[in-house]
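Biologist: I have the chain open in the viewer and would like to talk it through with you. Can you take my questions as they come?

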Amino acid sequence: MARESINRCVWLVDTIKRYGRITRKQLDECWQRSPYSGGRSLSRRTFCNHRDAVEELFNIRIECDRNSYEYYIADEDSHNESVTNWLLNSVTLNDVLSGSRDISDRIFVEEVPSAREFLGMVINALKGHNPIRFTYRPYTRSMPTRGVVLEPYFLKLFKQRWYVVGHHVAEDRIKTYALDRMTEVVTLPDTFEDDPTFDPETYFKDSYGIVVTQSDVRRIVLKVDTRQAKYFNALPLHPSQHESIHDDYSLFYYNMRITDDFVEELLSHGPRVTVIEPPELRAKMRQELSDALKHYE
């Protein structure tokens, strides 16, 4: 689909989302003020075409209330809504940046490793329920693992890296692989059935990021200075986060597993964040800080 058509779809979804509920007359008035109308009204045919394209592209249903003749976005669960918003933001950002080539030397973005090379292939494997075979080069080992066969269940973007999670056929267990450490990726012609007992939302529910362990879920309490607390409120570390505000600090509470990537995140905030409980997390933080300090003695 041409970029102009995609932009019109994004405009339609964004307009309806902003209004919540909107009549065709109101939508037409907004359309005529937009850069896509060319001064013309939004015809019924054009509206229906864009409405169908929105459902095909973004899996968003635009419904009509037959009592008030208002259009609205059909209810989405929280996960689908977050994916939809990410897609819309990505399309919008791409359009904005594409129109800013003349100032490209003043726009700096973060690289997402291997997204262009393998992301499309893995997405197609997800759609077709096809296993993938690849060579994996983990940072923890000097030699690569060749011939890994994975039945991909879902993708996760975390800290500018794409990960695929699925069933490792040879080991018969769920494993996670970073796309930027994969080479020689091949889509296999076989197909597989999804495991009906596996739920991606539940799989990562008690974890901070991409690391999943079988350890117990713990109550975690962090003491955070007032400045850092604003960042945590703007971008929570975990869905279970809630805050207790005090005069010159805040306490943040979580229910989650203690994982290495969560410890690394806490360490990155230095003295602005202090672990209050549980004791084993305090001990782990103390050990990590002590080991780091030895390099400067």
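Biologist: What does the accessible surface of the chain come to, and what share of it belongs to carbon and sulfur atoms?
Modeller: In this predicted model, the accessible surface of the chain comes to about 18600 Å², and carbon and sulfur atoms account for 49% of that area.

Biologist: And how many of the residues count as buried, as a percentage?
Modeller: The chain has 297 residues, of which 35% count as buried. As for its secondary structure, there are nine helices and 12 strands.

Biologist: Let's turn to the sheet with strand 9 in it. What is the strand order?
Modeller: The order is 10-11-9-12, in an open sheet of four strands with antiparallel pairing. Strand 10 (242–245) and strand 12 (273–277) are the edge strands, each pairing on one side only, and neighbouring strands of this sheet are turned against each other by 25 degrees on average, with direction ignored.

Biologist: How many bridges join strand 9 to strand 11?
Modeller: Eight bridges join them, with strand 9 covering residues 218–225 and strand 11 covering residues 249–256, and the two run antiparallel. One of the residues with a bridge partner in strand 11 is Val224, whose partner there is Ser250.

Biologist: What about strand 10 and strand 11, how are those two connected?
Modeller: They form a hairpin with three residues between them, and they pair in the antiparallel sense over four bridges. Within that part of the sheet, Ser244 stands opposite Leu251 in strand 11.

Biologist: Which helix lies across strand 9 and strand 12?
Modeller: That is helix 9, residues 279–294, which runs at about 145 degrees to strand 12.

Biologist: Changing topic: which residues of helix 2 are buried?
Modeller: In helix 2, which spans residues 24–33, the buried residues are Leu27, Asp28, Cys30 and Trp31. They lie on the same side of helix 2 because they cover an arc of only 165 degrees around the axis. The face turned away from that buried side carries Lys25 and Arg33, which are exposed.

Biologist: Why does Cys30 count as buried?
Modeller: Cys30 has a relative accessible area of 9%, and buried means under 20%, so Cys30 falls in that class. Cys48, by contrast, has a relative accessible area of 26% and is therefore partly exposed, since that class lies between 20% and 50%.

Biologist: How many disulfides does the count come to?
Modeller: The count comes to zero disulfides, where a pair of cysteine sulfur atoms would have to be within 2.5 Å.

Methods:
Residues are numbered from 1 along each chain as its sequence is written. This is a predicted model: local features need pLDDT of at least 70, side-chain atom pairs count only at pLDDT 80 or more; totals for chains, interfaces and linings use all residues. Side-chain values use heavy atoms; hydrogens and water are left out. Two strands pair if DSSP finds at least two bridges between them. Axes are lines fitted to C-alpha atoms, for helices over the stretch in contact, and angles run from 0 to 180 degrees between N-to-C directions. Contact means heavy atoms within 4.5 Å. Buried means under 20% relative accessible area, exposed over 50%, partly exposed in between (1.4 Å probe, protein chains only). The arc is that of the directions from the helix axis to the C-beta atoms. Accessible areas come from the Shrake-Rupley method with a 1.4 Å probe; for residues, only the protein chains shown count as cover.
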